[in-house]
Amino acid sequence: MTEVHFSRAFEIRGGDITNAGRVSTEIKDLLKGMGCNASFIRRVAIASYEAEMNVVMYARRATLVLHVTPEVVELDLTDEGPGIPDIDLAMQEGYSTATSEMREMGFGAGMGLPNIRRNSDQFVIDSVVDRGTHLTIRVHMA
Amino acid sequence: MKELSYHSVHIDASLCDGCLACVRCCPTQALRVRGGTALMPDDCCIDCGECIKACSRQAVRPLTGSLAELSKFDYTIAVPSLALFTQFDPAEAPPAVVLEALRRCGFDDAVGLSAACMTVSETIEEFLTEHRGQHPVISSFCPTVVRLIQVKYPTLLDQLLPVLSPREVVARDVKRRKVVETGLPPERIGVVYVTPCPAKMVELVDHPGLDRSNFDSIVSIRDLFLHLMTAIVDVRRGGAAPPETESSAGLRWALATGLTESRSAEDMLSVGGLPNVVRILDDIEKGKLGRYRFVECHACPEGCVSGVLTVEDPYVARARAVRLIQTLPPAGDTDRDAVRRDYRAGTYRMPHRVVPRPMRPLHDDITIAITRMTERDRVLSSLPRIDCGACGAPTCRAFADDVVRGEVGEDACIFIREQRIQSMVGDLASLVRQQVHGGLS
């Protein structure tokens, strides 16, 4: 690992639908400013957006730490929320606990976590029911 | 330093008073005021023309051609944007009269876009049916939107519609026809676009999807307007109007909703106005909106009728377009088999992939860029973050970018300068105190 890195922490509030998506837009802009290539940015954008939306939809609050080196982008997200009782089930495409209101708004297709996995090179998820969920997402530049 | 790309605006420093109006309105933050005048736009300019509108001193000018250029050719054909027909009262000057007026303004012929709009519309349908790539496909007919995608959303270039715009189709076909009809060599025939905005100049100089544009010159609606007014009076005095060539369905294309409404499809979106286009592109980039097949994007809020180089109020123009859509004859039947055949033959395809022209990163070497991003955050945290503009940059953040790129010093910020002066005054005062006390003791 090289010494060179950039980090920033973002706060995400659960239920804050007006600001939903802002953090992933900001992350995208930062990566563009650093000259990362287009398909890489797209993967990070999708992964970070899905992670952000999960907090807005289900958790009370979260801290997302972005960490960039010339080789890899890491998103480290810790939320305070209901947690996920069965992670294997939640990782299945099409599985969702979204309410009908969420579905009406176009969310809750059960593609959030699978989309994160598809767009990352490493994806670690652990969760404690009634405490919260922790995600580590790594996307390699090359 | 990379060679600056072509832009369709020119800034006359002798007229500029450094007021920041253009800097503040630029959607890609391509402009800066330094030393009291605005500098020419940075590479990330997308030719939207907002700065032309914002400048009250006419220091920012569009680089469209002039009528005098027509004398370069032995035969000239005007191809007007559909927006031109909304600049006059359609009860007095329907499209047929406006086209005839163009012929009396010095053009040898004038051809409308309606028929080509129908062909292109069918071609898009063919393309969408076959498209297996990512959705939604994004329209490519507004040059400012294409530039915006090249500059800020290069990840979306694969989703850009690779179909020729109706105007390029008409320009190509009319030139071929006139070569046969007149016996003149192609270079002696000038096909001229009558444009509602400066962005079309970019295509003329460097078309992103073609070897070269099929147009030879461009004049603006604004520059032609008074000539046309006189000519329209003349045409009307002459009695019987020429037969109408434009259609109701064609005129839909003058509005932001033209394409999608003409197909009345639920899986298509139309978006007008740059801030809205930016929001939609942001969403597409995050993987949203994949359930839509097609998104039609226009930089101008109402579509081409609200172009920067039009004359009429955009809402009056819009109302007229709606009236024309109601009153013009419907389009003749499009020969779908012929369109399908031509589509297979590539007749309406843009031959080249549009390439990215990404915004300048903080450095070309990513290692340095990452270091600079950390430095940028440090600079930004020392700034007032009220975006006052006194430094000549549109926002504190843009200023921090300029600082870490080494283009300006931090003390170009009046707040930082004030702090530094205060601390120098403090140092000086304590020095004086020391001297005085030293002298007394």
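The following paragraphs describe chain B of a predicted model, from its overall build to its contact with chain A.

The predictor assigns the complex an ipTM of 0.86 and a pTM of 0.89. For chain B the mean pLDDT is 91, with 97% of the residues reaching 70 or more. Confidence varies among the elements of this chain, from helix α10(B) (residues 258-263), which has the lowest mean pLDDT at 69, to strand β5(B) (residues 75-80), which has the highest at 97.

Chain B contains 16 helices and 11 strands, and its C-alpha trace spans about 105 × 50 × 40 Å along the principal axes. Of its 441 residues, 47% count as buried. When contacts between residues at least 6 apart in sequence are considered, 76% of those in chain B join residues at least 24 apart.

Three domains are assigned in chain B, namely domain 1 (9-62), domain 2 (67-345) and domain 3 (366-440). The centres of domain 1 and domain 2 of chain B, taken over C-alpha atoms, are separated by 27 Å. Between these two domains of chain B, 11 residues of domain 1 are in contact with 16 residues of domain 2. The side of domain 1 of chain B that touches domain 2 is made up of 7 nonpolar, 2 polar and 2 charged residues.

One sheet of chain B is open and consists of 3 strands in the order β7-β11-β10, with parallel pairing. Its edge strands are β7(B) (137-138) and β10(B) (268-272), each of which pairs on one side only. Strand β10(B) is joined by 5 bridges to β11(B) (residues 294-298), and the two run parallel. Within this pair of strands, B:Ser270 stands opposite B:Glu296, a residue of β11(B). In general, the strands of a sheet pair through backbone hydrogen bonds, in either a parallel or an antiparallel manner. Helix α11(B) lies across both β10(B) and β11(B), and runs at about 140° to β10(B).

Several backbone features of chain B were also identified. A cis peptide bond, with omega of about -5°, joins B:His135 and B:Pro136, and B:Pro136 is located in the loop between α4(B) (114-130) and β7(B). Two glutamines have positive phi values although neither is a glycine: B:Gln29, with phi of about 55°, and B:Gln58, with phi near 55°. B:Gln29 belongs to the loop between α1(B) (21-25) and β2(B) (33-34), whereas B:Gln58 belongs to the loop between α2(B) (50-54) and β4(B) (60-62). B:Gln29 counts as partly exposed because it has 19 C-beta neighbours inside 10 Å, where 20 or more would be needed for a residue to be buried. B:Gln58 has 10 such neighbours inside 10 Å and therefore counts as exposed, the limit for that class being 12 or fewer.

The contact between the two chains involves 20 residues from chain B and 23 residues from chain A. On the side of chain B that touches chain A, the elements giving two or more residues are α11(B) (274-285) and α14(B) (366-382). Of these, α14(B) supplies the largest share, 8 residues. By class, this side of chain B comprises 10 nonpolar, 5 polar and 5 charged residues. Helix α11(B) thus appears in two parts of this description, as it lies across β10(B) and β11(B) and also gives residues to the side that touches chain A.

Methods
Residues are numbered from 1 along each chain as its sequence is written. Chains are lettered from A and ligands numbered from 1 in the order in which they are written. This is a predicted model: local features need pLDDT of at least 70, side-chain atom pairs count only at pLDDT 80 or more; totals for chains, interfaces and linings use all residues. Two residues are in contact if their C-beta atoms, placed from the backbone, lie within 7 Å. Helices (H or I, at least four residues) and strands (E, at least two) are DSSP runs, numbered from the N terminus. Ala, Val, Leu, Ile, Met, Phe, Trp, Tyr, Cys and Pro count as nonpolar, Asp, Glu, Lys and Arg as charged, and the others, Gly among them, as polar. Two strands pair if DSSP finds at least two bridges between them. Axes are lines fitted to C-alpha atoms, for helices over the stretch in contact, and angles run from 0 to 180 degrees between N-to-C directions. Domain bounds come from an automatic or database domain assignment. pLDDT is the predictor's confidence in each residue, from 0 to 100.
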